[in-house]
There are 2 protein chains.
Amino acid sequence: MSLTAQSKKTTDARAASPTMADVAKRAGVSTMTVSRALRDGASIAAETRDKIKLAIEDLGYVLDQSAGSLSSKRTGFVAVLIPSINNSNFADTSRGLTDALVGSGLQLLLGYTDYSTEKEEELIGSMLRRRPEAIVVTGGSHTPKARRLLEKSGIPVIETWDLPSQPIRHVVGFSNAEASFALVHHLHGQGYRRIAFIGGTSNQDTRGADRRAGYEIAIAALGLKESRVMSFGTPPISGKQGGEAIVRLLEQWPECDAAICVSDLSAFGALMECQRRGWAVPQRIAIAGFGDFEISNQCHPRITTVGVHCHEIGNRAGKLLLRAIEGERRGEPVPAETIVTDYEVISRETT
Amino acid sequence: MSLTAQSKKTTDARAASPTMADVAKRAGVSTMTVSRALRDGASIAAETRDKIKLAIEDLGYVLDQSAGSLSSKRTGFVAVLIPSINNSNFADTSRGLTDALVGSGLQLLLGYTDYSTEKEEELIGSMLRRRPEAIVVTGGSHTPKARRLLEKSGIPVIETWDLPSQPIRHVVGFSNAEASFALVHHLHGQGYRRIAFIGGTSNQDTRGADRRAGYEIAIAALGLKESRVMSFGTPPISGKQGGEAIVRLLEQWPECDAAICVSDLSAFGALMECQRRGWAVPQRIAIAGFGDFEISNQCHPRITTVGVHCHEIGNRAGKLLLRAIEGERRGEPVPAETIVTDYEVISRETT
DNA sequence: CTCTGATATGTTAGCGATAACATATTGCGG
DNA sequence: CCGCAATATGTTATCGCTAACATATCAGAG
């Protein structure tokens, strides 16, 4: 207390961050001018801008965007909910989104639902509290409350990776059931007749459930009498679980000549387990996956799978939401859009 | 214009989201009471709380946290920068962070640097503009400006996955060089003498560079005359690149009996390529990775690697930052802490 | 010279919540 | 039945920034 008393505002508690007012004062301009200098090409004299930049440097000033958003109603971010951080498919989708948003001033705020709709509901709540400018969710299956939150959010909502029968608004995705159906057809075309399906034990992973449904429908449509579904592990099932599942599968139905796994990861695990046990793939049993993960094209033998255009899903979702945000901003009506993305069976060495 | 004119505040432009004032009005209380009802155990009459909850339901009100943070100085999130979304090591670390932060009211805001310090600098800027309560970065290598930003940020800073010689503040990590050194020693102990190193062509990935440095030091320390470094591809190198690299390696140094790959992913690619070419692993050449990715324990044969405790790194970083935030809040001095995490060589079938 | 329309900057009034400080209201011991 | 502490609620003043609307300056047309 014996030292010189200083201005309360500037030296209170270990130097609170400088504000725009501090910068303005130092540069000898008004805060509004600072604000303008910090953003787009508002008309600012080069000299003034330089003075301001200097003051900012000197003070180590960093704009407080949350204060700015309160005033401007623009938070500059988009909420994106994906099931898991550790799935290259969704990683690709968020990469696609990021790519689409470059230069738009929008950032991604990612949230992970762990394949749980309850967790999704919670996340939607906490995202919405931060006022994103749009929200992208994975799949079309939500808790009633989550759905209500999305519907009333007042921002563009995009459901991805599925074609929900009752979309909330925009959709960018494909039919997992149809893609799975196509894969069964492909195996059938290659001569396989006793085709099994390996997946998780619950329907929490709705895309996994859809793929199983597509499998069942295809089996029936092809007149293959028996459907053989081996459920093992909580979705999303891991490589290890894929390995265990194929062992059980061949114990239960030794006559199987092909197995479709719910994802490439489980297909990979199944393949490795077969190698460990000396079961020739595809001679003893053919294996196919889903999703075209990088690993499927690297391992030996390479895994037959269904390529889904993950990056494109994200990219088109990103472009769509930019249009939607822009449209809403200028008060134009933005019609709900459904974009159906492509998929294709990629035949490789395991079938 | 012929319809009944309504209150400007409430029916302006397609129903702007209701505010706390709307809720307060409907519930017949003040905004402060609503604010209290929405948070921790402030003293609120049960009856009042119910009235408020009802009003919130009716209006579909969602708290605007950005407005709240402006006033309370608490944004409720922590910035986390990791090199890549598509690397299970970093995924595990952010999982560990998330786990540590459960119940603290803090959320993670993830950013991906793509192994680029320029991108990191940019991200640090945009993160800081949103006023996180702490920031966790990967590695100890930053641009000068990024470093300055972090130092002046006024929030707890934690560097992870490395032991920087001049830490900014807190550190949770291990020495990649040391771990790599240990792996070379292990291979040497198994009888391998002509050990090579496979990695990327640049030092952008500093952890990769550290691992190579550890390899070189070990080679010298063990008196193995020649160090054989095969650089191929821009880090982080993929499985495919690992596969190409091992082919080149054995063209250039056919006498090699072991290869250490900069990461498990490249080790996996190398292993698969060997299988494809009929080179027996580990008889023709032993292969080791780094990071103990799940895949290394699933493939066949299983890959020798170095287990680093990714989840623990994240978890301890999370706990550390909670302490630091709490300490700063109550004005206590928070000493810089360095937490060194463990690693271990995991010997499996490829060596 | 005056007027017009760029260009550059300032002023004022919030954005929607919360901190901090009142002010009722209640319960209960004395 | 008074007074004091605990409980429940209200008031006021920001938080740091930007929208919207002035205002000032200046070049060149008329």
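**Close-up 1. Tyr115(A) sits in the loop between strand 2 and helix 7 of chain A.** Helices (H or I, at least four residues) and strands (E, at least two) are DSSP runs, numbered from the N terminus. Phi of Tyr115(A) is near 60°, a positive value in a residue other than glycine. This is a predicted model: local features need pLDDT of at least 70, side-chain atom pairs count only at pLDDT 80 or more, and totals for chains, interfaces and linings use all residues. Residues are numbered from 1 along each chain as its sequence is written, while chains are lettered from A and ligands numbered from 1 in the order in which they are written.

**Close-up 2. Confidence along chain A, with residues 1–14 below a pLDDT of 50.** Chain A averages a pLDDT (the predictor's confidence in each residue, from 0 to 100) of 93, and 95% of the residues score at least 70. Over residues 1–14 of chain A, though, the pLDDT is below 50. Beyond near neighbours in sequence, that stretch has one contact in the model (two residues are in contact if their C-beta atoms, placed from the backbone, lie within 7 Å).

**Close-up 3. Where chain A touches chain B.** Each chain puts in its own set here: 38 residues from chain A and 38 residues from chain B. On the chain A side, at least two residues apiece come from helix 5 (65–72), helix 6 (88–101), strand 2 (107–112), helix 7 (117–128), helix 11 (239–252) and helix 12 (264–277). Helix 5 of chain A gives the largest share of that side, five residues. Sorted by class, the side of chain A that touches chain B has twelve nonpolar, 18 polar and eight charged residues (Ala, Val, Leu, Ile, Met, Phe, Trp, Tyr, Cys and Pro count as nonpolar, Asp, Glu, Lys and Arg as charged, and the others, Gly among them, as polar).

**Close-up 4. The surface near DNA strand C.** Of the 24 residues around DNA strand C, Ser43(A), Met20(B), Ser35(B), Gly68(B) and Ser71(B) come nearest (a residue is near a molecule or strand if its C-beta atom, placed from the backbone, lies within 6 Å of it). Helix 3 (31–37) and helix 5 of chain A each supply at least two residues, as do helix 2 (20–27), helix 3 (31–37) and helix 5 (65–72) of chain B. The largest share, five residues, belongs to helix 5 of chain B. The class tally for this surface is eleven nonpolar, eleven polar and two charged residues.

**Close-up 5. The surface near DNA strand D.** DNA strand D is surrounded by 24 residues, and the closest are Met20(A), Ser35(A), Gly68(A), Ser71(A) and Ser43(B). At least two residues each come from helix 2 (20–27), helix 3 and helix 5 of chain A, and from helix 3 and helix 5 of chain B. Here helix 5 of chain A holds the largest share, with five residues. By class, the surface near DNA strand D has eleven nonpolar, eleven polar and two charged residues.

**Close-up 6. Helix 11 of chain A packed on helix 12 of chain A.** The two helices pack at an angle of about 55°, with their axes 6 Å apart; axes are lines fitted to C-alpha atoms, for helices over the stretch in contact, and angles run from 0 to 180 degrees between N-to-C directions. Helix 11 and helix 12 of chain A are therefore oblique to each other (angles under 35 degrees count as roughly parallel, over 145 as roughly antiparallel, 65 to 115 as roughly perpendicular and the rest as oblique). Helix 11 of chain A passes helix 12 of chain A in a right-handed crossing (left-handed if the near helix is turned anticlockwise from the far one by less than a right angle, right-handed if clockwise). Residues to look for include Gly242(A), Gly243(A) and Ile246(A) in helix 11, along with Phe268(A), Gly269(A) and Met272(A) in helix 12. This contact has nine nonpolar, six polar and two charged residues.

**Close-up 7. Helix 7 of chain A alongside helix 8 (residues 144–151) of chain A.** The pair packs at an angle of about 30°, with axes 9 Å apart. Helix 7 and helix 8 of chain A are therefore roughly parallel to each other, and the crossing of helix 7 past helix 8 is left-handed. Among the residues that meet are Ile124(A) and Leu128(A) from helix 7 and Leu149(A) and Leu150(A) from helix 8. The contact divides into five nonpolar, two polar and three charged residues.

**Close-up 8. Cis peptide bonds in front of Pro301(A) and Pro301(B).** In chain A, a cis peptide bond joins His300(A) and Pro301(A), with omega about -5°. Pro301(A) is in the loop between strand 9 (286–288) and strand 10 (305–308) of chain A. In chain B, the bond from His300(B) to Pro301(B) is cis, with omega near -5°. Pro301(B) lies in the loop between strand 9 (286–288) and strand 10 (305–308) of chain B.
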